[in-house]
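Colleague: Could you take a close look at one part of this chain with me? I would like a connected account rather than a list.

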Amino acid sequence: MISIGGDKTRVRLVDVVDTDGLSLYRLREHGLKGNIQGSMKLTGELRDYIMSFFHEDLSAEIYTDEVSEMWEGEQRTITVNSYERNPLARKQCIDHYGAECQVCKMNFEDTYGEVGREFIHVHHITPLHEIQKGYQVNPREDLIPVCPNCHAMLHRKEDGVYLAVEELRERLKNMRKKVIIQ
């Protein structure tokens, strides 16, 4: 277990214990409240009870070179909301703006040749999850072509708020100035 700040702890499987002592029923007997659905504070009797099943300090940092095997690719099922996109709206957006990132000016065909021709992401200026209903989209006002990097940055929050296209464009411009000055 490692602290990830505040009252939260990330638990990673580093040892297997063949016991019924760590069943949900037993954990509840020793102080577990509610259901295990993510990060949670692990202290007191519950932490001590869990730690009693292990022979080493699991809170010690484990470095990758100490891990003999690393596994990836296990299949899992997840449920997500998917918002319908209109391919005609995407086409009209690209026809209007072109297949160039409207933040950083990246053009994939210029950079990668034919394989990059017409490749671009299209970003909803107001995210669909905020609208929370179907609506009549205006491809010139509601959508904007952006490269995958800028698109990812537009979907990251800073202080709990998404960056607007103009803010990201300005930030990139300032970063480029900083590089030129240095």
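How exposed is Lys-105: buried, partly exposed or exposed? And please go on from there to the helix that comes before its loop.

Modeller: Happy to! Keep in mind that this is a predicted model. Lys-105 is partly exposed, with a relative accessible area of 46%. The residue sits in the loop that runs between α3 and α4 (108-112). Its phi is near 75°, a positive value for a residue that is not glycine. As background, most residues other than glycine have a negative phi. Another such case is Asp-159, whose phi is positive at about 55° although the residue is not a glycine. Asp-159 belongs to the loop between β5 (157-158) and β6 (161-162), and with a relative accessible area of 78% it is exposed.

Now to the helix itself. α3 covers residues 87-97, and its buried residues are Ala-89, Cys-93 and Ile-94. Looking down the axis of α3, these buried residues fall within an arc of 135°, so they line one face of the helix. The cover over them includes β3 (121-124) and β4 (143-146). On the face turned away from this buried side, α3 carries the exposed residues Pro-87 and Asp-95.

Both ends of the helix have a detail to look at. At the start of α3, a side-chain oxygen of Asn-86 comes to within 2.8 Å of the backbone nitrogen of Leu-88. Just after α3, Gly-98 adopts a positive phi of about 90°.

Asn-86 also leads us to a pocket. The second largest pocket holds about 310 Å³ of space. Its lining has 16 residues, and those closest to its centre are Glu-84, Arg-85, Asn-86, His-124 and Leu-128. α3 and β3 each give at least two residues to this lining, and α3 supplies the largest share of it, three residues. So much for the pocket; β3, then, appears both in the cover of the buried residues of α3 and in the lining of the second largest pocket.

To place all this in the whole chain: there are seven helices and six strands, which follow one another as β-β-α-α-α-α-β-α-β-α-β-β-α. Of the 182 residues, 23% are buried. Among contacts between residues at least 6 apart in sequence, 54% join residues at least 24 apart. The chain exposes about 14,500 Å², with 48% of that area supplied by carbon and sulfur atoms.

Note on methods: Residues are numbered from 1 along each chain as its sequence is written. This is a predicted model: local features need pLDDT of at least 70, side-chain atom pairs count only at pLDDT 80 or more; totals for chains, interfaces and linings use all residues. Side-chain values use heavy atoms; hydrogens and water are left out. Buried means under 20% relative accessible area, exposed over 50%, partly exposed in between (1.4 Å probe, protein chains only). Helices (H or I, at least four residues) and strands (E, at least two) are DSSP runs, numbered from the N terminus. The arc is that of the directions from the helix axis to the C-beta atoms. Contact means heavy atoms within 4.5 Å. A polar contact is a pair of N or O atoms within 3.5 Å; within protein, one must be able to donate a hydrogen and the other to accept it, and residues adjacent in sequence count only if both atoms are side-chain atoms. Accessible areas come from the Shrake-Rupley method with a 1.4 Å probe; for residues, only the protein chains shown count as cover. On a 1 Å grid over the protein atoms alone, a cavity is a set of points where a 1.4 Å probe fits but cannot get out, and a pocket is an open set with protein on both sides within 12 Å along at least five of seven lines; lining residues have an atom within 4 Å of a point. Grid points are joined across faces, edges and corners, and a volume is the space filled by probe spheres set on the points.
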